[in-house]
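Visitor: Could you walk me through this one, and back up each label as you go?

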Amino acid sequence: MNSFNFSDEVKKARKNGAPVVALESTIISHGLPRPKNLEIAQEIENTVRDIGAVPATIAMLNGVVHVGLEEDELLEIATSDAVTKASVRDLAILAQKKSHAATTVAATSHIAQAAGISIFATGGLGGVHRGARETWDESADLYTLAHTDITVVCAGVKSILDVAATLERLESLSIGVVGYRTLQFPGFYLRESGFTLEYQAASAKDLAEMIHARKKLGTSGAALLVANPIEREVPREIHDRVLASGLAQAEEKGISGKYVTPFLLDYFHHNSEGESLRANIDIILSNAALAAEMAVALVKLED
Ligand code: PSU
Ligand code: MN
């Protein structure tokens, strides 16, 4: 039996079979600048609630995994300097150390699955980094999603990554990808990454039916990725300039391992004239809304 701590709201939803949406916490602690991060985290949760689903923000506090955070707990994750970025491999170590940790897409997916939650909204997925031929830097998000029963709503992957290699990995790892009202794989800040998809879905209901079919066909061993493009993209000129200088700085400073992604996200936030933050907020709110609509539709289907 997993020893998770459920928030009151999530406890009640589980008892009543109400729709629940998992949310990650690394975006709060390491992906968004303070002090705005707390306000955004609350806004994400309220977006889910407004649509009739229950938000389950996942994080570790004093070594205990929380599925759904009370207000003071969300505050702690958003403001404490002692919050470590945790992927799946870190969880048990940090539990023993009674640490605070924010969970990545990989760790959040793992915990959500164990808690019986099937839909998860995030911003950008981790993937294969540029230069991975030399650095071997590939996000554990990919490998975890390969064996986790979860549907993740994201805005594609950032162009800080090697998008082509990431899409190839998604295919090799049997992770399904479906565009939301598009056949263009989105590039997080950009509506189109330049790579096309095979499938799209027209509505949250269609996506819920796909999740339902996964269960019926027994193909839910690996994750399904829903790629929901940003509505108003970052101007290409700003995007290309900041990307080039950010990648160059990361290399110059010798940033490696789990610090690469937070470094680049922070670089974007500080050098994009506010566009990176604006885009991140638009994206996570839009993904949370779509995930909530899907969760509501899924509960109706399973009735
Ligand atoms: N990409 C983003 N925003 C994020 C992240 C990635 O656009 O906040 C975070 C997510 O939590 C993701 C993690 O799971 O970074 C991936 O880190 P890494 O590349 O070290 O696996
Ligand atoms: Mn990495």
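Guide: Sure, here come the ground rules, then the ligand, the strands and a few backbone angles.

Guide: This is a predicted model, where local features need pLDDT of at least 70, side-chain atom pairs count only at pLDDT 80 or more, and totals for chains, interfaces and linings use all residues. Residues are numbered from 1 along each chain as its sequence is written, chains are lettered from A and ligands numbered from 1 in the order in which they are written, and side-chain values use heavy atoms, with hydrogens and water left out.

Visitor: What makes a residue count as near ligand 1?

Guide: One of its heavy atoms has to lie within 4 Å of the molecule. There are 15 residues around ligand 1, and Glu24, Ser139, Asp141, Lys158 and Thr261 come nearest. By class, that shell holds four nonpolar, six polar and five charged residues; here Ala, Val, Leu, Ile, Met, Phe, Trp, Tyr, Cys and Pro are nonpolar, Asp, Glu, Lys and Arg charged, and the others, Gly among them, polar. Helices α2 (26-31) and α12 (260-271) each bring at least two residues to the shell, a helix being a DSSP run of H or I with at least four residues, numbered from the N terminus.

Visitor: Why is the pair between Asp141 and ligand 1 called a polar contact?

Guide: The term asks for a pair of N or O atoms within 3.5 Å. A side-chain N or O atom of Asp141 is 2.7 Å from an oxygen atom of ligand 1, so the pair qualifies. Thr261 also has a side-chain N or O atom 2.7 Å from a ligand 1 oxygen. With Gly124, a backbone N or O atom lies 3.4 Å from a nitrogen of ligand 1, which is within the cut-off too. On its own, ligand 1 has 470 Å² of accessible area, and the protein covers 93% of that (Shrake-Rupley method, 1.4 Å probe).

Visitor: How do you know that β3 and β4 pair?

Guide: DSSP must find at least two bridges between two strands, a strand being an E run of at least two residues. Strands β3 (residues 54-61) and β4 have four, in the antiparallel sense, so they pair. In β4, Val67 is the bridge partner of Ile58. Val67 is also the bridge partner of Phe6, where β1 (residues 5-6) and β4 (residues 64-67) pair in the parallel sense over two bridges. Elsewhere, β10 (residues 184-187) and β11 (residues 190-196) run antiparallel over three bridges, with Gln184 opposite Thr196 in β11.

Visitor: What makes Asn62 and Phe188 worth pointing out?

Guide: Most residues other than glycine have a negative phi, and most peptide bonds are trans. Asn62, in the loop between β3 and β4, has a positive phi near 50 degrees. Phe188, in the two-residue link of the β10 and β11 hairpin, has a positive phi near 60 degrees.

Visitor: Why is the bond from Arg34 to Pro35 called cis?

Guide: Omega there is near 0 degrees, so the bond is cis. Pro35 sits in the loop between α2 and α3 (36-50).

Key
A polar contact is a pair of N or O atoms within 3.5 Å; within protein, one must be able to donate a hydrogen and the other to accept it, and residues adjacent in sequence count only if both atoms are side-chain atoms.
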